[in-house]
Amino acid sequence: MATVMHRSSSGSSSGWSEAAAAAAAAAGEEERAGWEVRPSGMVVQARDREDGGAAGVPPRPPPPEIRVRVKYGAARHEVAVSSIATFGDLKKALAARTGLHPADQQVTYKGRERGNSEYLDACGVKNKSKLVVSEDPASLERRYIERQRAARIEAANRAIGAVALEVDKLADQVTSIDKSVSGGTKVAEVQITTLIELLMRHAVKLETIPADGDSSSQKNIQAKRVQKCVEALDVLKVSNARLQQRAAVVVTTKWETFDNTPPVSTQWEIFD
């Protein structure tokens, strides 16, 4: 606690001189102890010097610590903290004890919630003072929203992953058909149309999956894969149809025979 000193109000010059001398002596002693006298006559804790303090002057002692009692639910904690710390500093010290992040803590002292920038001593917090810590309702709601969002993302990733596995299998079949048709071997048209139908079903399934962020990017990647496979099958369907047309063209060299030829008679006719 800072000590206040006042000059004497005596009207005599001798009294003033004695008071001034006493004040100067006291100022020297207090300054050596880490205190200084302001022009108003008030003795306060010495300010830091840029040169690290004059030679022979001991460093200013650190502010004293106080131990405050904190209630958190059914638990009771006693925490040592600087007497000139802020409530934000106190929350950091309480994080390890309560398991609550400093931003999620709500500290109440004398029935009032205290802000992070408020100082303990300015609010009257002393040694053995009692405070109450609770979880901030806003942080509870924020945490609930974050958990819900995380659950939605996880569900979307699982659904997209399942579709991706199925698309992998269908893409392998598309590659197999491409090799056959490119090699001149026709395939059953129903095989191509069935693959197209299956791929379109997966495209619809992807559309129904709600996704955002990274999940949305994965969803778009799979949708493009499905579209690429369908477009490839459309081209293969045309090429396969041409192979079928070529197989249907048959050149015949069958000779035509005539059965209605008139009979050749070898009977001679006699003229008289």
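Helix α3 covers residues 137–182, and its 46 residues should span 68 Å at 1.5 Å a residue. The C-alpha atoms at its two ends sit 66 Å apart, which agrees with that estimate. Keep in mind that you're looking at a predicted model. From α3 we'll move on to its partner helices, the cores, a lysine with no salt bridge, and a few loop residues.

**Helix α3**
- Plenty of α3 is tucked away: its buried residues include Ala156, Ile160, Val163, Ala164 and Val167.
- Further along, Leu170, Ala171, Val174, Ile177 and Val181 are buried in α3 too.
- After α3 comes Gly184, which has a positive phi, near 90°.

**Helix α4**
- Helix α4 runs over residues 189–207, and at 1.5 Å a residue its 19 residues should span 27 Å. Its end C-alpha atoms are 28 Å apart, so the numbers agree here as well.
- Which residues of α4 are buried? They are Ile192, Leu195, Ile196, Leu199, His202 and Leu206.
- Look down the axis of α4 and those buried residues fall within an arc of 125°, so they line one face of the helix.
- The handy rule behind this kind of pattern is that an α-helix has 3.6 residues a turn, so residues three or four places apart point the same way.
- Now flip to the face of α4 turned away from the buried side, and you'll find the exposed residues Val190, Arg201 and Val204.

**The nonpolar cores**
- The largest nonpolar core has 22 residues, and the ones touching the most other members are Ile177, Val181, Ile192, Leu195, Leu199, Val226 and Leu233.
- Helices α3, α4 and α5 each supply at least two residues of this core, and the largest share, 9 residues, comes from α3.
- Leu233 shows how the pieces meet: leaving out residues up to four places away in sequence, Leu233 touches Val174, Ile192, Leu195, Ile196 and Leu199.
- There is also a second, separate core of 16 residues, with Val81, Ala85, Tyr109 and Leu131 among them.
- As background, nonpolar side chains in soluble globular proteins tend to be buried together.

**A buried lysine in α5**
- Lys219 belongs to helix α5, residues 214–248.
- How far away is the nearest side chain of opposite charge to Lys219? That side chain is Glu207, 5.0 Å away, and Lys219 is buried with no salt bridge.
- Setting aside neighbours within four places in sequence, Lys219 is in contact with Ile160, Leu206, Glu207, Ile209 and Ala211.

**Loop residues worth a look**
- Most residues other than glycine have a negative phi, which makes the next two lysines fun to find.
- Lys110 has a positive phi, near 55°, and sits in the loop between β5 (105–109) and β6 (112–113). With a relative accessible area of 63%, Lys110 is exposed.
- Lys128 also has a positive phi, near 70°, and is found in the loop between β6 and β7 (130–135). Its relative accessible area is 37%, so Lys128 counts as partly exposed.
- Asp121 lies in the loop between β6 and β7, and at 41% relative accessibility Asp121 is partly exposed.
- What does Asp121 touch, not counting residues up to four places away in sequence? The answer is Ser83 and Ile84.
- Asp121 and Ile84 are 37 residues apart along the chain, yet their C-alpha atoms are separated by 5.8 Å.

Technical notes
Residues numbered from 1 in each chain as written. Predicted model: local features only at pLDDT ≥ 70, side-chain atom pairs only at ≥ 80, totals over all residues. Heavy atoms only, no water. Helix = DSSP H or I, 4+ residues; strand = E, 2+ residues; numbered from the N terminus. Buried < 20%, exposed > 50% of the residue type's maximum accessible area, 1.4 Å probe, protein only. Lys, Arg positive; Asp, Glu negative; His and termini not counted. Salt bridge = Lys/Arg side-chain N within 4 Å of Asp/Glu carboxyl O. Contact = heavy atoms within 4.5 Å. Expected span 1.5 Å × (residues − 1). Arc of directions from axis to C-beta. Core = buried A, V, L, I, M, F, W, Y, C linked by side-chain atoms within 4.5 Å.
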